[in-house]
Amino acid sequence: MTTIEAPRSPARPPRSKGVNWEKWGWLYMRASGVLLVVLIFGHLIVNLVLGEGIKAVDFGFVAGKWADPFWRVWDGLMLWLALIHGGNGMRTIVNDYAHNRTINRTLKILILAAVVVLILLGTYTVTFFDPCPSGAPAHLLPDFCSTISK
Amino acid sequence: MPVEAADTLESTRSRPGGTLYRGREGMWSWVLHRITGVAIFFFLLVHILDSVVLGISPQAYNAVIGTYKNPIMGLGETALVAAIAFHALNGIRIILIDFWSKGAKYQRIMFWIVIVVWVVLMLGFAPIHLMNVFSEGSAS
Ligand code: HEM
Ligand code: HEM
């Protein structure tokens, strides 16, 4: 007769007091998942499928998209939701395989650092992007730049 | 708490070692979900840095995104989209198992629906994308 461990044994025993963070994390994975289906499929259709797909993607293409705040909000949402979803998923996987305390903590700190740094960089980019940087060759910029006096 | 496997889970195959979970749809969907999740995560880390280059200069960004347009990378992008499509569809299956009252009952058929929809999506996507990356010249 074989005995098997109960699946998904928690890395730490569950707390009896306070906020149940594991539960909210579990719920977040599902809620963000539903939103990400729409956001990522939309992203891939616009950038890879429509028109000439990837061949059309360059600075001018992005400047054209980000001229509309709609796509900036879209990308910002996708950035936050996907990185936190992915980071939390990676945390689960580290807890499943890294049983050594030091390795476990180190990996989780690395994941957290990567997520925080990339959210900051990505949010900065999508917020402060300038479609018509001065001094750049005009043929690389979207057409509307020539009509704006800087 | 340990569970006595042989008593509680009736083997669904004559071959020993097969249970309701191990070696069946439930296990393989989990393995694939995990592998695709990790792959997408690492892609995303690099991908955000792509957009950060937008702030450096148009020339620098076009050089970086230009690498996405060669045929080898095109194959990689096809694999990436395949991974995302599976992860997304199977993610919906997981959510249905958790929140739909009949979800657990239909988990196995839902796995095969995921596979069929995934094949259909990829048959639609791959030719379009491969034709773009293998055709000569660039639109810009
Ligand atoms: C090969 C496939 C992909 C291509 C060619 C691509 C292309 C691009 C491009 C050109 C941008 C600039 C802004 C825009 O066009 O909206 C962008 C931004 C972004 N992409 Fe993708 N993308 C791909 C796949 C993905 C996937 C799978 C994800 C999610 C997991 C993703 C997440 C993002 C995010 C979060 C941003 C915003 C970055 C920021 O705020 O700085 N992309 N992508
Ligand atoms: C396209 C929409 C997506 C959906 C519907 C989705 C759905 C899910 C669901 C339901 C889970 C299971 C969570 C649990 O077991 O508690 C999960 C896990 C995971 N997801 Fe996603 N996800 C999506 C996109 C992404 C993206 C963009 C990434 C990477 C940045 C990602 C990385 C992961 C990882 C690493 C896990 C952990 C896998 C494991 O524990 O075995 N997912 N996802």
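User: In this predicted model, which ring does the charged end of Lys65(A) sit over, and how far is it from the centre?
Analyst: Here we're looking at a charge over a ring, and a Lys NZ has to be within 6 Å of the ring centre to count. Lys65(A) makes it, with its charged end over Trp71(A), and the distance to the ring centre is 4.7 Å.

User: And what distance do you get for Lys23(A) over the face of Trp24(A)?
Analyst: That's another lysine over a tryptophan: Lys23(A) lies over the face of Trp24(A). The ring centre is at 5.2 Å.

User: Which residues coordinate the iron atom of ligand 2?
Analyst: Two histidines do it, each through NE2, at 2.0 Å. The pair crosses between chains, running from helix α3 of chain A to helix α4 of chain B. Both side chains come from buried residues, since 16% for His85(A) and 16% for His87(B) fall under the 20% cut-off. So the names you want are His85(A) and His87(B).

User: What geometry does the site of that iron atom have?
Analyst: Ideal angles for six octahedral donors are 90 or 180 degrees. Among the six donor atoms at the iron atom of ligand 2, the angles go from 85 to 179 degrees. That makes the site octahedral.

User: How many aromatic pairs are there over all chains, and how are the planes of Trp26(A) and Phe99(B) arranged?
Analyst: Searching the whole structure turns up 10 aromatic pairs. Trp26(A) and Phe99(B) form one with centres 5.5 Å apart and planes at 55 degrees. This pair crosses from helix α1 of chain A to helix α4 of chain B. Planes between 30 and 60 degrees apart are neither stacked nor edge-to-face, so the arrangement is tilted.

Terms used
Residues numbered from 1 in each chain as written. Chains lettered and ligands numbered in written order. Predicted model: local features only at pLDDT ≥ 70, side-chain atom pairs only at ≥ 80, totals over all residues. Heavy atoms only, no water. Donors = N, O, S within 2.8 Å, 3.2 Å for Na, K, Ca; no water. Tetrahedral: all angles 85-135°; square planar, octahedral: opposite > 155°, others 65-115°. Helix = DSSP H or I, 4+ residues; strand = E, 2+ residues; numbered from the N terminus. Buried < 20%, exposed > 50% of the residue type's maximum accessible area, 1.4 Å probe, protein only. Phe/Tyr/Trp six-rings, centres within 6.5 Å; stacked < 30°, edge-to-face > 60°. Lys NZ or Arg CZ within 6 Å of the ring centre and 35° of its normal.
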